[in-house]
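Me: I'd like to go through the labels people put on a model like this one. Can you take me through them slowly?

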Amino acid sequence: MRGMSRLNPSPTPLIEDVLSPSMKRSEEHSSKYLPAMTLEPVHMKKISELAQRIDYSFESEEPRTATDIYLLLEELKVEGKTVLKAVDRLFRGRVRTALMAQCKEPYPITYACDSGSTNPRTYDSGLFVDFCHCALASTPTELELQRYRTIVCAAYTASQRATVQESDAWEFFDAGRGRARLIKIEPDELKKKVPDLVHNMAMYLAESEHILFMLEKLEARQAKKDKEMDKEKQNDAALKQALNPDLNPNSSLENPLEESFFIMDGPLYPKQLMYWLVLEDEEVRIYRNKHSEKILQNYIDIMDHFLEKNAPVIGFVKNPGDMQLMDAIRKRGEYLELPWMLDAQFFKKVLSPEQHFSGPKQEEEKFRGLENLPRERRRPDNTFITYTNWFLQPNRFYERLLKDSSPLAARELKHKFPAEDYAVSFFMAYLPAKDMLFKIEAPYGLIKNENLRNRIVKKVLFDLALNSFPLTLTKADHVAKIRKVEREVIDKQFVSMKPDITYNDLRWKKDYDI
(Lines give C-alpha, C1' and ligand atoms only; values in the text may rest on other atoms or scores of the structure.)
Protein backbone atom coordinates (compact mmCIF):
# COMPACT_ATOMS: atom_id res chain seq x y z
CA MET A 1 0.00 0.00 0.00
CA ARG A 2 2.86 2.31 -0.75
CA GLY A 3 1.92 5.96 -1.57
CA MET A 4 -1.42 5.88 0.31
CA SER A 5 -1.92 7.54 3.71
CA ARG A 6 -2.95 5.09 6.38
CA LEU A 7 -4.79 7.85 8.28
CA ASN A 8 -6.97 8.95 5.35
CA PRO A 9 -7.11 6.29 2.71
CA SER A 10 -10.11 7.89 0.90
CA PRO A 11 -9.60 8.21 -2.86
CA THR A 12 -9.18 11.55 -4.65
CA PRO A 13 -12.65 13.19 -5.03
CA LEU A 14 -14.23 13.16 -8.47
CA ILE A 15 -14.53 16.50 -10.29
CA GLU A 16 -18.35 16.21 -10.12
CA ASP A 17 -18.12 16.27 -6.30
CA VAL A 18 -16.33 19.63 -6.17
CA LEU A 19 -18.45 21.44 -8.78
CA SER A 20 -21.09 23.82 -7.49
CA PRO A 21 -24.69 23.29 -8.66
CA SER A 22 -24.43 26.28 -11.01
CA MET A 23 -21.19 24.91 -12.49
CA LYS A 24 -22.83 21.51 -12.97
CA ARG A 25 -25.72 23.16 -14.84
CA SER A 26 -23.19 25.05 -16.98
CA GLU A 27 -21.35 21.80 -17.75
CA GLU A 28 -24.61 20.07 -18.72
CA HIS A 29 -25.48 23.01 -20.97
CA SER A 30 -22.08 22.97 -22.67
CA SER A 31 -22.38 19.26 -23.38
CA LYS A 32 -25.33 20.06 -25.63
CA TYR A 33 -24.05 23.32 -27.14
CA LEU A 34 -20.75 24.95 -27.93
CA PRO A 35 -19.18 26.51 -24.80
CA ALA A 36 -19.95 30.19 -24.35
CA MET A 37 -16.26 31.01 -23.80
CA THR A 38 -13.26 28.78 -24.45
CA LEU A 39 -10.70 31.40 -23.40
CA GLU A 40 -10.07 31.76 -19.69
CA PRO A 41 -9.18 35.11 -18.04
CA VAL A 42 -5.46 34.34 -18.18
CA HIS A 43 -5.68 33.83 -21.96
CA MET A 44 -7.76 36.98 -22.49
CA LYS A 45 -5.28 38.99 -20.44
CA LYS A 46 -2.40 38.03 -22.73
CA ILE A 47 -4.46 38.66 -25.90
CA SER A 48 -5.43 42.09 -24.52
CA GLU A 49 -1.77 42.91 -23.89
CA LEU A 50 -0.91 42.04 -27.50
CA ALA A 51 -3.82 44.11 -28.84
CA GLN A 52 -2.84 47.11 -26.70
CA ARG A 53 0.75 46.84 -27.91
CA ILE A 54 -0.50 47.19 -31.50
CA ASP A 55 -2.92 49.98 -30.57
CA TYR A 56 -0.24 52.06 -28.84
CA SER A 57 1.99 51.85 -31.91
CA PHE A 58 -0.64 53.74 -33.93
CA GLU A 59 -1.01 56.63 -31.50
CA SER A 60 1.77 58.73 -33.00
CA GLU A 61 0.93 61.23 -35.73
CA GLU A 62 1.16 59.79 -39.26
CA PRO A 63 4.02 61.18 -41.35
CA ARG A 64 1.55 62.30 -43.98
CA THR A 65 -2.05 62.87 -42.97
CA ALA A 66 -5.09 61.70 -44.88
CA THR A 67 -5.87 65.31 -45.72
CA ASP A 68 -2.45 65.79 -47.34
CA ILE A 69 -2.86 62.63 -49.42
CA TYR A 70 -6.39 63.68 -50.43
CA LEU A 71 -4.88 66.70 -52.21
CA LEU A 72 -3.06 64.28 -54.53
CA LEU A 73 -6.42 63.14 -55.91
CA GLU A 74 -6.94 66.37 -57.83
CA GLU A 75 -5.26 64.44 -60.64
CA LEU A 76 -3.48 61.18 -59.95
CA LYS A 77 -1.34 59.78 -62.75
CA VAL A 78 0.62 56.53 -63.14
CA GLU A 79 2.76 55.70 -66.17
CA GLY A 80 1.56 58.91 -67.81
CA LYS A 81 -2.11 57.83 -67.63
CA THR A 82 -4.71 59.43 -65.40
CA VAL A 83 -6.03 56.95 -62.84
CA LEU A 84 -8.23 59.47 -61.02
CA LYS A 85 -9.08 63.15 -61.19
CA ALA A 86 -11.55 65.42 -59.48
CA VAL A 87 -14.61 66.50 -61.47
CA ASP A 88 -14.82 70.28 -61.20
CA ARG A 89 -13.04 70.94 -57.87
CA LEU A 90 -11.66 68.90 -55.00
CA PHE A 91 -13.62 69.21 -51.76
CA ARG A 92 -15.15 67.35 -48.82
CA GLY A 93 -18.66 68.21 -47.70
CA ARG A 94 -20.96 67.41 -44.83
CA VAL A 95 -24.68 67.74 -44.20
CA ARG A 96 -26.61 67.59 -40.97
CA THR A 97 -28.63 64.36 -40.97
CA ALA A 98 -31.77 65.81 -39.35
CA LEU A 99 -31.98 68.74 -41.78
CA MET A 100 -31.28 66.58 -44.84
CA ALA A 101 -34.10 64.20 -43.89
CA GLN A 102 -36.55 67.12 -43.87
CA CYS A 103 -35.80 68.08 -47.50
CA LYS A 104 -38.24 67.46 -50.30
CA GLU A 105 -37.72 64.12 -52.06
CA PRO A 106 -35.46 65.00 -55.05
CA TYR A 107 -37.12 62.41 -57.32
CA PRO A 108 -40.79 61.34 -57.09
CA ILE A 109 -40.08 57.75 -58.15
CA THR A 110 -37.10 55.53 -57.30
CA TYR A 111 -36.35 52.14 -58.87
CA ALA A 112 -33.79 49.63 -57.62
CA CYS A 113 -32.65 46.34 -59.13
CA ASP A 114 -31.04 43.54 -57.13
CA SER A 115 -30.45 39.83 -57.47
CA GLY A 116 -30.42 36.84 -55.16
CA SER A 117 -28.30 33.77 -55.68
CA THR A 118 -27.99 30.21 -54.46
CA ASN A 119 -24.24 30.86 -54.61
CA PRO A 120 -22.25 28.23 -56.50
CA ARG A 121 -23.46 24.75 -55.54
CA THR A 122 -21.17 21.78 -56.06
CA TYR A 123 -22.31 18.16 -56.37
CA ASP A 124 -20.59 14.80 -56.11
CA SER A 125 -20.86 14.39 -59.90
CA GLY A 126 -18.44 17.32 -60.39
CA LEU A 127 -21.20 19.73 -61.38
CA PHE A 128 -20.98 23.42 -60.43
CA VAL A 129 -24.25 25.32 -60.68
CA ASP A 130 -25.56 28.72 -59.60
CA PHE A 131 -29.12 30.03 -59.84
CA CYS A 132 -29.52 33.81 -59.90
CA HIS A 133 -32.90 35.49 -59.54
CA CYS A 134 -33.35 39.21 -60.30
CA ALA A 135 -36.17 41.61 -59.39
CA LEU A 136 -37.03 45.30 -59.52
CA ALA A 137 -38.59 47.28 -56.68
CA SER A 138 -39.88 50.85 -56.53
CA THR A 139 -40.79 53.63 -54.14
CA PRO A 140 -43.74 54.20 -54.06
CA THR A 141 -44.22 50.43 -54.12
CA GLU A 142 -45.75 48.88 -57.26
CA LEU A 143 -46.52 45.21 -56.72
CA GLU A 144 -47.07 44.60 -60.42
CA LEU A 145 -43.47 45.64 -61.16
CA GLN A 146 -42.18 43.26 -58.51
CA ARG A 147 -43.85 40.30 -60.24
CA TYR A 148 -41.46 40.60 -63.18
CA ARG A 149 -38.47 38.32 -62.65
CA THR A 150 -35.44 37.05 -64.55
CA ILE A 151 -33.77 33.75 -63.61
CA VAL A 152 -30.44 32.51 -64.97
CA CYS A 153 -28.83 29.18 -64.15
CA ALA A 154 -25.14 28.80 -65.03
CA ALA A 155 -23.71 25.25 -65.11
CA TYR A 156 -20.17 23.93 -65.46
CA THR A 157 -18.56 20.52 -65.40
CA ALA A 158 -14.99 19.53 -66.22
CA SER A 159 -16.21 16.39 -68.01
CA GLN A 160 -16.32 16.51 -71.82
CA ARG A 161 -18.89 13.70 -71.83
CA ALA A 162 -21.46 15.43 -69.63
CA THR A 163 -24.20 17.20 -71.57
CA VAL A 164 -26.13 20.21 -70.32
CA GLN A 165 -29.19 21.20 -72.36
CA GLU A 166 -28.54 24.90 -72.71
CA SER A 167 -31.50 27.18 -73.48
CA ASP A 168 -31.63 28.47 -77.05
CA ALA A 169 -33.74 31.45 -75.99
CA TRP A 170 -35.58 32.88 -72.99
CA GLU A 171 -38.26 30.64 -71.55
CA PHE A 172 -41.23 32.74 -70.41
CA PHE A 173 -43.53 31.85 -67.51
CA ASP A 174 -46.06 33.49 -65.16
CA ALA A 175 -48.08 34.98 -68.02
CA GLY A 176 -44.96 36.54 -69.55
CA ARG A 177 -43.82 38.27 -66.35
CA GLY A 178 -40.98 35.82 -65.75
CA ARG A 179 -38.07 34.73 -67.94
CA ALA A 180 -35.56 31.95 -67.35
CA ARG A 181 -32.49 30.66 -69.12
CA LEU A 182 -29.91 27.89 -68.63
CA ILE A 183 -26.39 28.68 -69.83
CA LYS A 184 -23.42 26.34 -70.03
CA ILE A 185 -19.74 27.05 -69.42
CA GLU A 186 -17.58 24.63 -71.42
CA PRO A 187 -14.79 22.55 -69.78
CA ASP A 188 -12.05 24.25 -71.81
CA GLU A 189 -13.21 27.73 -70.74
CA LEU A 190 -12.28 27.30 -67.07
CA LYS A 191 -9.47 25.48 -65.29
CA LYS A 192 -9.53 27.61 -62.12
CA LYS A 193 -11.72 30.20 -60.40
CA VAL A 194 -14.69 27.99 -61.27
CA PRO A 195 -17.08 28.96 -58.42
CA ASP A 196 -16.36 32.68 -58.85
CA LEU A 197 -16.92 32.77 -62.59
CA VAL A 198 -19.95 30.47 -62.56
CA HIS A 199 -21.47 32.94 -60.09
CA ASN A 200 -20.40 35.99 -62.12
CA MET A 201 -21.87 34.65 -65.34
CA ALA A 202 -25.21 33.84 -63.71
CA MET A 203 -25.44 37.08 -61.72
CA TYR A 204 -24.31 39.57 -64.35
CA LEU A 205 -26.42 38.04 -67.12
CA ALA A 206 -29.51 37.96 -64.90
CA GLU A 207 -29.07 41.52 -63.63
CA SER A 208 -28.21 43.13 -66.97
CA GLU A 209 -30.98 41.30 -68.83
CA HIS A 210 -33.56 42.13 -66.18
CA ILE A 211 -32.67 45.83 -66.18
CA LEU A 212 -33.04 45.99 -69.97
CA PHE A 213 -36.26 43.96 -69.74
CA MET A 214 -37.72 46.36 -67.17
CA LEU A 215 -36.51 49.52 -68.91
CA GLU A 216 -38.43 48.36 -71.98
CA LYS A 217 -41.56 47.78 -69.86
CA LEU A 218 -41.22 51.11 -68.07
CA GLU A 219 -40.68 52.97 -71.33
CA ALA A 220 -43.74 51.40 -72.94
CA ARG A 221 -45.82 52.25 -69.88
CA GLN A 222 -44.51 55.83 -69.85
CA ALA A 223 -45.25 56.23 -73.57
CA LYS A 224 -48.83 55.12 -72.99
CA LYS A 225 -49.16 57.50 -70.04
CA ASP A 226 -47.67 60.37 -72.07
CA LYS A 227 -50.09 59.74 -74.91
CA GLU A 228 -53.04 59.89 -72.52
CA MET A 229 -51.63 63.04 -70.89
CA ASP A 230 -51.05 64.71 -74.28
CA LYS A 231 -54.61 64.03 -75.33
CA GLU A 232 -55.92 65.40 -72.04
CA LYS A 233 -53.66 68.47 -72.28
CA GLN A 234 -54.78 69.15 -75.86
CA ASN A 235 -58.40 69.04 -74.77
CA ASP A 236 -57.66 71.39 -71.86
CA ALA A 237 -55.73 73.73 -74.15
CA ALA A 238 -58.55 73.81 -76.68
CA LEU A 239 -61.08 74.63 -73.96
CA LYS A 240 -58.87 77.41 -72.51
CA GLN A 241 -58.24 78.81 -75.99
CA ALA A 242 -61.98 78.92 -76.67
CA LEU A 243 -62.60 80.75 -73.39
CA ASN A 244 -59.64 83.12 -73.86
CA PRO A 245 -58.64 83.67 -77.53
CA ASP A 246 -55.66 85.90 -76.51
CA LEU A 247 -54.00 83.03 -74.60
CA ASN A 248 -50.74 81.62 -76.03
CA PRO A 249 -51.74 78.12 -77.27
CA ASN A 250 -48.34 76.63 -76.32
CA SER A 251 -48.30 77.89 -72.72
CA SER A 252 -50.32 75.00 -71.28
CA LEU A 253 -48.22 72.30 -72.97
CA GLU A 254 -45.20 72.82 -70.72
CA ASN A 255 -45.51 69.90 -68.33
CA PRO A 256 -42.26 67.95 -67.82
CA LEU A 257 -42.45 64.19 -67.69
CA GLU A 258 -42.37 62.45 -64.33
CA GLU A 259 -38.73 61.93 -63.31
CA SER A 260 -37.30 58.80 -61.76
CA PHE A 261 -34.06 57.66 -60.14
CA PHE A 262 -32.54 54.24 -60.86
CA ILE A 263 -30.27 52.32 -58.46
CA MET A 264 -28.21 49.28 -59.42
CA ASP A 265 -26.96 47.10 -56.59
CA GLY A 266 -23.18 47.05 -56.55
CA PRO A 267 -20.71 48.53 -59.05
CA LEU A 268 -21.88 50.08 -62.29
CA TYR A 269 -20.07 47.44 -64.37
CA PRO A 270 -19.19 43.71 -63.94
CA LYS A 271 -15.64 44.41 -62.75
CA GLN A 272 -14.69 40.84 -61.85
CA LEU A 273 -15.77 39.50 -65.24
CA MET A 274 -14.03 42.39 -67.03
CA TYR A 275 -10.83 41.55 -65.15
CA TRP A 276 -10.70 38.01 -66.56
CA LEU A 277 -11.69 39.16 -70.03
CA VAL A 278 -8.87 41.70 -70.17
CA LEU A 279 -6.16 39.39 -68.80
CA GLU A 280 -4.71 36.64 -70.96
CA ASP A 281 -4.72 33.51 -68.82
CA GLU A 282 -4.45 30.00 -70.23
CA GLU A 283 -6.57 28.61 -67.38
CA VAL A 284 -9.36 31.21 -67.59
CA ARG A 285 -10.73 31.53 -71.12
CA ILE A 286 -14.16 32.79 -70.27
CA TYR A 287 -13.87 35.19 -73.23
CA ARG A 288 -14.70 32.18 -75.43
CA ASN A 289 -18.15 31.95 -73.91
CA LYS A 290 -20.70 33.73 -76.09
CA HIS A 291 -22.56 35.07 -73.06
CA SER A 292 -19.56 36.98 -71.73
CA GLU A 293 -19.62 39.48 -74.59
CA LYS A 294 -23.42 39.67 -74.38
CA ILE A 295 -23.13 40.67 -70.71
CA LEU A 296 -20.71 43.51 -71.51
CA GLN A 297 -22.89 44.74 -74.37
CA ASN A 298 -25.90 44.72 -72.05
CA TYR A 299 -24.19 47.10 -69.63
CA ILE A 300 -23.26 49.48 -72.46
CA ASP A 301 -26.88 49.35 -73.69
CA ILE A 302 -28.10 50.18 -70.18
CA MET A 303 -25.81 53.23 -70.04
CA ASP A 304 -26.94 54.28 -73.53
CA HIS A 305 -30.55 54.29 -72.34
CA PHE A 306 -29.84 56.66 -69.46
CA LEU A 307 -27.38 58.83 -71.39
CA GLU A 308 -29.92 59.33 -74.19
CA LYS A 309 -32.58 60.46 -71.73
CA ASN A 310 -30.14 62.30 -69.46
CA ALA A 311 -31.75 60.33 -66.62
CA PRO A 312 -29.90 59.40 -63.42
CA VAL A 313 -28.57 55.89 -62.81
CA ILE A 314 -26.12 54.91 -60.07
CA GLY A 315 -24.31 51.82 -58.87
CA PHE A 316 -24.55 51.71 -55.08
CA VAL A 317 -21.53 49.85 -53.69
CA LYS A 318 -22.25 48.71 -50.12
CA ASN A 319 -18.84 47.26 -49.33
CA PRO A 320 -16.20 49.00 -51.46
CA GLY A 321 -13.10 46.81 -51.53
CA ASP A 322 -10.98 48.52 -54.19
CA MET A 323 -7.24 49.07 -53.74
CA GLN A 324 -6.78 51.03 -56.97
CA LEU A 325 -5.99 54.43 -55.46
CA MET A 326 -3.66 53.19 -52.75
CA ASP A 327 -1.87 51.03 -55.33
CA ALA A 328 -1.55 54.01 -57.68
CA ILE A 329 -0.05 56.22 -54.96
CA ARG A 330 2.42 53.47 -54.03
CA LYS A 331 3.38 52.96 -57.69
CA ARG A 332 4.47 56.60 -57.82
CA GLY A 333 7.16 55.65 -55.30
CA GLU A 334 6.88 58.89 -53.34
CA TYR A 335 4.83 57.86 -50.32
CA LEU A 336 6.13 54.57 -49.02
CA GLU A 337 4.76 55.33 -45.54
CA LEU A 338 1.17 55.05 -46.76
CA PRO A 339 -0.61 53.13 -43.94
CA TRP A 340 -3.78 52.04 -45.76
CA MET A 341 -4.19 49.00 -47.99
CA LEU A 342 -7.83 49.54 -49.05
CA ASP A 343 -9.22 52.72 -50.60
CA ALA A 344 -12.15 52.50 -48.19
CA GLN A 345 -9.81 52.72 -45.18
CA PHE A 346 -8.34 55.92 -46.57
CA PHE A 347 -11.72 57.49 -47.38
CA LYS A 348 -13.08 56.65 -43.94
CA LYS A 349 -10.15 58.46 -42.43
CA VAL A 350 -10.38 61.49 -44.67
CA LEU A 351 -14.16 61.75 -44.17
CA SER A 352 -14.12 61.29 -40.40
CA PRO A 353 -15.71 64.31 -38.65
CA GLU A 354 -12.46 65.39 -36.97
CA GLN A 355 -10.84 65.80 -40.40
CA HIS A 356 -13.44 68.48 -41.24
CA PHE A 357 -12.29 70.82 -38.47
CA SER A 358 -9.34 72.84 -39.68
CA GLY A 359 -8.20 74.18 -36.29
CA PRO A 360 -5.95 72.52 -33.71
CA LYS A 361 -7.17 69.31 -32.08
CA GLN A 362 -7.67 70.98 -28.70
CA GLU A 363 -9.87 73.71 -30.22
CA GLU A 364 -11.97 71.10 -32.04
CA GLU A 365 -12.56 69.13 -28.83
CA LYS A 366 -13.45 72.31 -26.96
CA PHE A 367 -15.83 73.28 -29.77
CA ARG A 368 -17.59 69.91 -29.43
CA GLY A 369 -17.51 69.95 -25.62
CA LEU A 370 -15.15 66.99 -25.39
CA GLU A 371 -12.13 68.57 -23.74
CA ASN A 372 -13.05 67.26 -20.25
CA LEU A 373 -13.88 63.71 -21.37
CA PRO A 374 -11.35 60.86 -21.13
CA ARG A 375 -9.83 59.75 -24.44
CA GLU A 376 -11.85 56.54 -24.76
CA ARG A 377 -15.16 58.44 -24.47
CA ARG A 378 -14.45 61.02 -27.17
CA ARG A 379 -16.74 59.68 -29.87
CA PRO A 380 -16.97 61.15 -33.41
CA ASP A 381 -19.72 63.63 -34.25
CA ASN A 382 -22.60 61.41 -35.45
CA THR A 383 -25.02 64.16 -36.45
CA PHE A 384 -23.54 64.58 -39.93
CA ILE A 385 -23.08 62.65 -43.17
CA THR A 386 -19.77 63.45 -44.85
CA TYR A 387 -19.00 63.02 -48.55
CA THR A 388 -16.43 63.75 -51.25
CA ASN A 389 -16.63 65.54 -54.57
CA TRP A 390 -17.14 63.50 -57.72
CA PHE A 391 -14.10 61.76 -59.20
CA LEU A 392 -13.55 60.49 -62.73
CA GLN A 393 -11.79 57.15 -63.04
CA PRO A 394 -10.85 56.89 -66.74
CA ASN A 395 -8.44 53.95 -66.24
CA ARG A 396 -8.08 51.07 -63.82
CA PHE A 397 -5.43 48.44 -63.12
CA TYR A 398 -5.74 44.88 -64.43
CA GLU A 399 -2.62 43.54 -62.72
CA ARG A 400 0.13 45.19 -64.82
CA LEU A 401 -2.26 46.57 -67.40
CA LEU A 402 -3.73 50.07 -67.16
CA LYS A 403 -6.86 50.33 -69.30
CA ASP A 404 -10.31 51.90 -69.49
CA SER A 405 -12.68 51.52 -66.54
CA SER A 406 -15.74 50.70 -68.71
CA PRO A 407 -16.56 47.44 -70.56
CA LEU A 408 -15.05 49.04 -73.67
CA ALA A 409 -11.67 48.06 -72.18
CA ALA A 410 -12.43 44.38 -72.73
CA ARG A 411 -14.25 44.23 -76.05
CA GLU A 412 -15.17 46.07 -79.26
CA LEU A 413 -18.76 46.92 -78.36
CA LYS A 414 -21.49 48.98 -80.00
CA HIS A 415 -21.97 52.32 -78.27
CA LYS A 416 -23.79 55.57 -79.08
CA PHE A 417 -21.62 58.05 -77.19
CA PRO A 418 -17.89 58.84 -76.92
CA ALA A 419 -15.91 56.24 -74.96
CA GLU A 420 -15.14 58.79 -72.23
CA ASP A 421 -18.85 59.04 -71.35
CA TYR A 422 -18.87 55.40 -70.18
CA ALA A 423 -15.93 55.83 -67.79
CA VAL A 424 -16.70 55.27 -64.11
CA SER A 425 -17.17 58.36 -61.97
CA PHE A 426 -17.95 58.20 -58.26
CA PHE A 427 -18.18 59.92 -54.92
CA MET A 428 -17.91 58.49 -51.41
CA ALA A 429 -20.40 58.98 -48.55
CA TYR A 430 -19.63 58.20 -44.92
CA LEU A 431 -22.03 57.76 -41.98
CA PRO A 432 -20.08 58.26 -38.73
CA ALA A 433 -23.07 57.13 -36.66
CA LYS A 434 -22.89 53.66 -38.27
CA ASP A 435 -19.23 53.78 -39.29
CA MET A 436 -20.34 52.84 -42.81
CA LEU A 437 -18.78 53.98 -46.07
CA PHE A 438 -20.55 53.74 -49.42
CA LYS A 439 -19.31 54.28 -52.95
CA ILE A 440 -21.74 55.76 -55.47
CA GLU A 441 -20.86 55.24 -59.14
CA ALA A 442 -22.30 56.80 -62.29
CA PRO A 443 -21.22 57.08 -65.95
CA TYR A 444 -19.17 60.20 -66.62
CA GLY A 445 -21.49 61.19 -69.47
CA LEU A 446 -24.23 61.89 -66.92
CA ILE A 447 -22.34 63.73 -64.24
CA LYS A 448 -20.67 66.12 -66.70
CA ASN A 449 -23.91 68.03 -66.21
CA GLU A 450 -23.39 69.99 -62.97
CA ASN A 451 -27.10 70.22 -62.17
CA LEU A 452 -27.62 66.48 -62.61
CA ARG A 453 -24.60 65.44 -60.56
CA ASN A 454 -25.68 67.74 -57.72
CA ARG A 455 -29.19 66.26 -57.79
CA ILE A 456 -27.76 62.74 -57.66
CA VAL A 457 -25.70 63.66 -54.59
CA LYS A 458 -28.73 65.27 -52.94
CA LYS A 459 -30.87 62.19 -53.62
CA VAL A 460 -28.27 59.79 -52.17
CA LEU A 461 -27.73 61.94 -49.07
CA PHE A 462 -31.50 62.24 -48.63
CA ASP A 463 -31.92 58.45 -48.67
CA LEU A 464 -29.02 57.95 -46.26
CA ALA A 465 -30.37 60.61 -43.88
CA LEU A 466 -33.76 58.89 -43.76
CA ASN A 467 -32.77 55.24 -43.38
CA SER A 468 -28.94 55.01 -43.40
CA PHE A 469 -29.42 53.03 -46.63
CA PRO A 470 -31.56 53.46 -49.78
CA LEU A 471 -35.00 52.11 -48.88
CA THR A 472 -35.80 51.03 -52.44
CA LEU A 473 -32.63 48.94 -52.61
CA THR A 474 -33.63 47.24 -49.35
CA LYS A 475 -36.98 46.39 -50.95
CA ALA A 476 -35.28 44.93 -54.03
CA ASP A 477 -32.95 42.85 -51.86
CA HIS A 478 -35.92 41.46 -49.92
CA VAL A 479 -37.80 40.53 -53.12
CA ALA A 480 -34.82 38.97 -54.93
CA LYS A 481 -33.20 37.02 -52.08
CA ILE A 482 -33.11 33.21 -52.40
CA ARG A 483 -33.47 31.91 -48.85
CA LYS A 484 -32.09 28.80 -47.20
CA VAL A 485 -35.33 26.82 -47.39
CA GLU A 486 -35.58 27.59 -51.12
CA ARG A 487 -31.97 26.52 -51.71
CA GLU A 488 -32.70 23.23 -49.98
CA VAL A 489 -35.67 22.65 -52.29
CA ILE A 490 -33.43 23.36 -55.31
CA ASP A 491 -30.88 20.81 -54.04
CA LYS A 492 -33.59 18.14 -53.91
CA GLN A 493 -34.29 18.57 -57.63
CA PHE A 494 -30.95 16.92 -58.41
CA VAL A 495 -32.09 13.37 -57.68
CA SER A 496 -29.13 11.62 -59.35
CA MET A 497 -26.46 13.46 -57.34
CA LYS A 498 -25.82 14.76 -53.85
CA PRO A 499 -24.47 18.14 -52.67
CA ASP A 500 -20.71 18.04 -52.12
CA ILE A 501 -20.52 19.27 -48.53
CA THR A 502 -17.63 19.92 -46.17
CA TYR A 503 -17.25 19.88 -42.40
CA ASN A 504 -17.74 23.67 -42.27
CA ASP A 505 -21.10 23.29 -44.05
CA LEU A 506 -22.26 21.04 -41.23
CA ARG A 507 -20.68 23.19 -38.53
CA TRP A 508 -22.05 26.61 -39.51
CA LYS A 509 -25.03 26.04 -41.80
CA LYS A 510 -27.85 25.79 -39.27
CA ASP A 511 -26.68 28.56 -36.98
CA TYR A 512 -25.70 31.23 -39.50
CA ASP A 513 -27.75 30.65 -42.66
CA ILE A 514 -31.21 32.08 -43.31
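**Cavities and a helix pair**

Reply: α10 (324-331), α11 (343-351) and β16 (424-431) each give at least two residues to the lining of the largest cavity. This is a predicted model, where local features need pLDDT of at least 70, side-chain atom pairs count only at pLDDT 80 or more, and totals for chains, interfaces and linings use all residues. Residues are numbered from 1 along each chain as its sequence is written, and side-chain values use heavy atoms, with hydrogens and water left out.

Me: What makes D322 and K439 part of the lining of the largest cavity?

Reply: A lining residue has an atom within 4 Å of a cavity point, on a 1 Å grid where a 1.4 Å probe fits but cannot get out. D322 and K439 are among the residues that line the largest cavity, and both also turn up in the lining of the second largest one. The largest holds about 80 Å³, the second largest about 40 Å³.

Me: Which class leads in the lining of the second largest cavity?

Reply: Charged, with five residues, against two polar and one nonpolar. Asp, Glu, Lys and Arg count as charged.

Me: Why are α8 and α9 called oblique?

Reply: Angles under 35 degrees are roughly parallel, over 145 roughly antiparallel, 65 to 115 roughly perpendicular, and the rest oblique. Helix α8 (residues 271-278) and helix α9 (residues 290-309) pack at about 125°, so they are oblique to each other.

Me: Which residues of α8 and α9 meet?

Reply: L273, M274 and L277 in α8 meet S292, I295 and L296 in α9, where contact means heavy atoms within 4.5 Å.

Methods. Axes fitted to C-alpha atoms, helices over the stretch in contact; angles between N-to-C directions. Helix = DSSP H or I, 4+ residues; strand = E, 2+ residues; numbered from the N terminus. 1 Å grid on protein atoms, 1.4 Å probe; cavity = no way out; pocket = protein on both sides within 12 Å on 5 of 7 lines; lining within 4 Å. Points joined across faces, edges and corners; volume = space filled by probe spheres on them.
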